[in-house]
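Thank you all for making the time this morning. I would like to walk you through one structure, slowly, for those who have not seen it before.

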Amino acid sequence: MPIVSGVELRSAAIHMLGSILPFPSHFGNLPIKEIIPRKKELDNTTNGDITFADLQIRVLDLLFNAIRVESESKNVQHLLAGLMFLVLDFAKREENNDMSGQNTAENRDVQGPGKDSARVVFVNATHLVCHRLIASWCTDLNTSLAALELLAGLARTSIPRRGALECKRTVKWLCDFVVQQCNRPPREHSKDLHSSIVAAFFCCRTWILHHPYLLQDKECIGTVMEVIELGISGSKSAPKVSSSDSGTFSQSSGGKMKEEKILSPASRRVKDAAESLLITLLEQVDQMPLLRNMGKCQLPNGLHSKST
C-alpha cells in the first residue's frame, strides 16, 4: 500500500483549492446541488440553497489559514499565487460594480459583512504576507522571493479606497525586512540572502513608483533613506543631536557620522540595488510639486544630507 506524506497530501489539497478559486465569481448565484443535506440552522440563505457565491468567504478564509500554518516552500508558493488571484478578482469585480453603478450592498448580502471589499482583502493579505515574510520566510529564498513578488503585484493593483496608511505600513515592513537580513551574522550571509535583500529593495521601489504620495510623508521617506544608507554603506549613521542651545551638535552613541564611515556594504549587488532606489527617490522628488517648492532645509529627512 503506497504511503503518502503529509506534505504531498497538503499539496494535492492546495491544488484542489486553487482550482475552485474562480468558481464564486464565475458561477455567482448558481445553486450547488448538495450530496449530503445540511442542517437548516447552518444555512445563511433564506431558501436553504447554497450558491457558488456563498463559498467566497469560506474559500478566502481557508486560503488565509493555510498560508498561516503551511511550512513547505512549494506549497506556500502555490498559496501565494492563489492569494494574488483573489486580490485581483476582488479588485476587478469592485471596479466593474463601480463602473456599472451597481449597489455593492447586494454583494455584501451574499459574501458577508466586513469581508466583501477589495480593500479588506488587500489589507489582510499585506499584513499576513509581511508578517510571515519577516517571522518565518526570511531564511527561505524561494518563499521570500514569492512573497516579495506578491507584494510588488499588490502595489501595481488598483484597489479602490486602498488607504495611504496601509501603503506606508507595507513600505515600513519591507524596510524592516531589509534591516533584519542585513543584520544577520556574517556566517549566515550568502548569495541567497543578498538576493532576498535585492528583491526587497526593488519591491520597495515598485511601491514608491506606484504610490508617489508616500514621498510626502516624512516618517516614511526617513525610514526608506535609512535603509538605503544601510544598503550602500553597510551601517546606519548616528543622528546629530543638539547638545545645547548654542546650536552645537554631538554624535550619539552607537554609530558614526556619514563623513566618518567606511563603506562596507553587504555585497556589490545590495549596494547597487540601494543606489537604484535612491535614484528613484531623487527622480520622484522632482515630480512632486509640494516637495519641489519647498526649501532645501525643509525636504523630507535625508534627501539633502551628505551622500553615504
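**A walk through the core**

Let me begin with Thr-170, which has a relative accessible area of 0% and therefore counts as buried. Please keep in mind, as we go on, that what you see is a predicted model. Thr-170 sits in helix H8, which covers residues 164–182, and its side chain reaches the backbone oxygen of Glu-166 at 2.9 Å. If we leave out residues up to four places away in sequence, Thr-170 touches Thr-126, Cys-130, Leu-151 and Trp-207.

Two of those partners bring us to the core itself. The largest nonpolar core has 71 residues, and among these it is Leu-151 and Trp-207 that touch the most other members. Helix H9, residues 191–210, supplies the largest share of this core, namely 10 residues.

Which residues does Trp-207 touch, again not counting those up to four places away in sequence? The list includes Leu-151 and Thr-170, which we have already met, together with Phe-122, Ala-152, Leu-154, Ala-155, Arg-162, Cys-167, Val-171, Leu-174 and Leu-214.

Now let me turn to a second threonine, Thr-206, which is placed in helix H9. Is Thr-206 buried or exposed? Its relative accessibility is 10%, and because buried means under 20%, Thr-206 counts as buried. The side chain of Thr-206 reaches a backbone oxygen, that of Phe-202, at 3.0 Å. Setting aside neighbours within four places in sequence, Thr-206 is in contact with Ala-152, Ala-155 and Arg-156, and Ala-152 and Ala-155 also appear on the list for Trp-207.

Let us move to the surface, where Ile-20, Phe-23, Phe-27 and Leu-30 make a nonpolar patch of about 300 Å². Phe-23, one of these four, is found in helix H2, residues 23–27. With a relative accessibility of 31%, Phe-23 lies between the 20% and 50% limits, so it counts as partly exposed.

Finally, a few words on the chain as a whole, which has 12 helices and four strands. Of its 308 residues, 42% count as buried, and its accessible surface comes to about 17200 Å², with 55% of that belonging to carbon and sulfur atoms. If we take the contacts with a separation of 6 or more, residues 24 or more positions apart account for 71% of them.

Technical notes. Residues are numbered from 1 along each chain as its sequence is written. This is a predicted model: local features need pLDDT of at least 70, side-chain atom pairs count only at pLDDT 80 or more; totals for chains, interfaces and linings use all residues. Side-chain values use heavy atoms; hydrogens and water are left out. A nonpolar core is a set of buried Ala, Val, Leu, Ile, Met, Phe, Trp, Tyr and Cys residues joined through side-chain atoms within 4.5 Å. Buried means under 20% relative accessible area, exposed over 50%, partly exposed in between (1.4 Å probe, protein chains only). Helices (H or I, at least four residues) and strands (E, at least two) are DSSP runs, numbered from the N terminus. Contact means heavy atoms within 4.5 Å. Patches are made of residues with over 30% relative accessible area and no salt bridge: like charges are joined within 9 Å, nonpolar side chains (Val, Leu, Ile, Met, Phe, Trp, Tyr) within 5 Å. Accessible areas come from the Shrake-Rupley method with a 1.4 Å probe; for residues, only the protein chains shown count as cover. A salt bridge is a side-chain nitrogen of Lys or Arg within 4 Å of a carboxyl oxygen of Asp or Glu. A polar contact is a pair of N or O atoms within 3.5 Å; within protein, one must be able to donate a hydrogen and the other to accept it, and residues adjacent in sequence count only if both atoms are side-chain atoms.
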